[in-house]
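Thanks for asking me to look this one over. My notes are below as numbered points, to be read with the structure open beside you.

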Amino acid sequence: MVNNIKILVVEDDENLANNIASFLADFSEVDIENDGLSGKFAATENVYDLIILDIMLPEMNGYDVLKNIRADKINTPVLILTAKAEIDDKIHGFNLGADDYLTKPFHREELQARVKALLKRSGVLADDSTLKINNLEVNLNTHEIDASGKPITLNGKEYDLLVYLLQNKNTILTKDQIFERIWGFDSDTSITVVEVYMSNLRKKLRASKNDNLIKTIRNVGYIFQDDTEN
């Protein structure tokens, strides 16, 4: 996975869901749920950058899934992918909070293009595959990190953490959100690992005069913010 992007696909056709996951895998990690209730639970319990949602689902239809997650203040972009092609269906989807609507059958290239467009619109996917703040640049293709011409070396989760912070700069992230995104709720480690890695990341950024980018919000979490932008 290149960009540390996570997408949820809620689709009861398992073959189709697996095919969607396979052609999005070059730039994202994809979770799959095959019924509406499981999809709603996954959307509310995890942190995703995009949700691809079918309408005709067992247990709970896609409209109700969308209605429920929006009621829970989850603003993750939602792309409805369905065989329901009537204009009334599309209007209903948009009125419930969908960000895009694509009907089946579809061309995989169009789905991929729409997904990338939504990710770029939300600032998660960079047009040039480079994330920047202050004098810091991260190349998402090569994983190279540069600060005013000087390379910074990060290991595994340190790199994932930096990318996640950059993708959500100027946004407060709770420790729970960070832990779920980088380690996963089913990880054997403790949530205190977030503080450990955040401290290590600050130390490694200090030499490039970027340690002040990470700000602690007491009893809440962290925000990655460049004071010069304010």
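1. Helix H1 is a good place to begin, with the reminder that this is a predicted model. H1 covers residues 14-24, and Leu16, Ala17, Ile20, Ala21, Phe23 and Leu24 are its buried residues. These buried residues pack against four strands, S1 (6-10), S2 (29-33), S3 (50-53) and S4 (78-82), and also against helix H5 (108-121). At the N-terminal end of H1 you will find a cap from Asp13, whose side-chain oxygen sits 3.2 Å from the backbone nitrogen of Asn15.

2. Just past H1, have a look at Ser28, which lies in the loop leading from H1 to S2. Ser28 counts as buried because its relative accessibility is 4%, below the 20% cut-off. The Ser28 side chain comes within 2.8 Å of the backbone oxygen of Leu24, one of the buried residues of H1.

3. Next, the parallel sheet. Five strands make an open sheet in the order S2-S1-S3-S4-S5, and their pairing is parallel. The edge positions belong to S2 and to strand S5 (100-103); each has a single partner strand, so one side of each has no neighbour in the sheet. From one strand to the next, the twist averages 20°. S4 and S5 run parallel and are joined by four bridges, and Leu79 has Asp100 in S5 as its bridge partner. Helix H2 (residues 36-45) lies across S1, S2 and S3, and runs at about 160° to S1.

4. Asp54 deserves its own point. UniProt, in an unreviewed entry, places the feature "modified residue: 4-aspartylphosphate" at this residue. In the model, Asp54 is in the loop between S3 and helix H3 (62-71). Is Asp54 buried or exposed? Asp54 is buried, because its relative accessible area is 4%. Leaving out residues up to four places away in sequence, Asp54 touches Val10, Glu11, Asp12, Gly62, Leu81, Thr82 and Lys104.

5. The same kind of record also gives a wider span: UniProt lists residues 6-119 for "domain: Response regulatory", again from an unreviewed entry. In the model this span is 46% helix and 20% strand, and the C-alpha atoms at its two ends lie 10 Å apart.

6. Leu119 is found in helix H5. Leu119 is buried, as its relative accessible area is 0%. Which residues does Leu119 contact, leaving aside its neighbours within four places in sequence? They are Ile5, Phe27, Asp49, Leu50, Val124 and Leu125. Leu119 and Leu50 are 69 residues apart in sequence, yet their C-alpha atoms are 7.3 Å apart in space.

7. Now to the largest nonpolar core, which has 31 residues; Leu136, Leu162, Ile178 and Phe224 touch the most other members. At least two residues of this core come from each of strand S6 (130-133), strand S7 (136-139), strand S8 (145-147), helix H6 (156-167), helix H7 (175-182), helix H8 (193-206) and strand S12 (221-224). H6 gives the most, with seven residues. Setting aside neighbours within four places in sequence, Leu162 is in contact with Leu136, Val138, Ile145, Leu154, Leu201 and Phe224. Another core lies apart from this one; it has 23 residues, including Phe27, Leu79, Val124 and Leu125. As background, nonpolar side chains tend to be buried together in soluble globular proteins.

8. The antiparallel sheet comes next. It is open and has four strands, in the order S6-S7-S8-S9. S6 and strand S9 (150-151) are at the edges with a single partner strand each, so one side of each is left without a neighbour in the sheet. Three bridges join S7 to S8, and Val138 has Ile145 in S8 as its bridge partner. H6 packs on this sheet, touching S6, S7 and S8, and its direction makes about 110° with that of S7.

9. Last, a word on His92, which sits in helix H4 (residues 87-96). His92 counts as partly exposed because its relative accessibility is 37%. His92 and Ile223 are 131 residues apart along the chain, and 36 Å separates their C-alpha atoms.

Note on methods. Residues numbered from 1 in each chain as written. Predicted model: local features only at pLDDT ≥ 70, side-chain atom pairs only at ≥ 80, totals over all residues. Heavy atoms only, no water. Buried < 20%, exposed > 50% of the residue type's maximum accessible area, 1.4 Å probe, protein only. Contact = heavy atoms within 4.5 Å. Polar contact = N/O pair within 3.5 Å; in protein donor to acceptor, adjacent residues only side chain to side chain. Core = buried A, V, L, I, M, F, W, Y, C linked by side-chain atoms within 4.5 Å. Pairing = 2+ DSSP bridges. Axes fitted to C-alpha atoms, helices over the stretch in contact; angles between N-to-C directions. UniProt positions renumbered as here; feature names shortened; annotations may be inferred.
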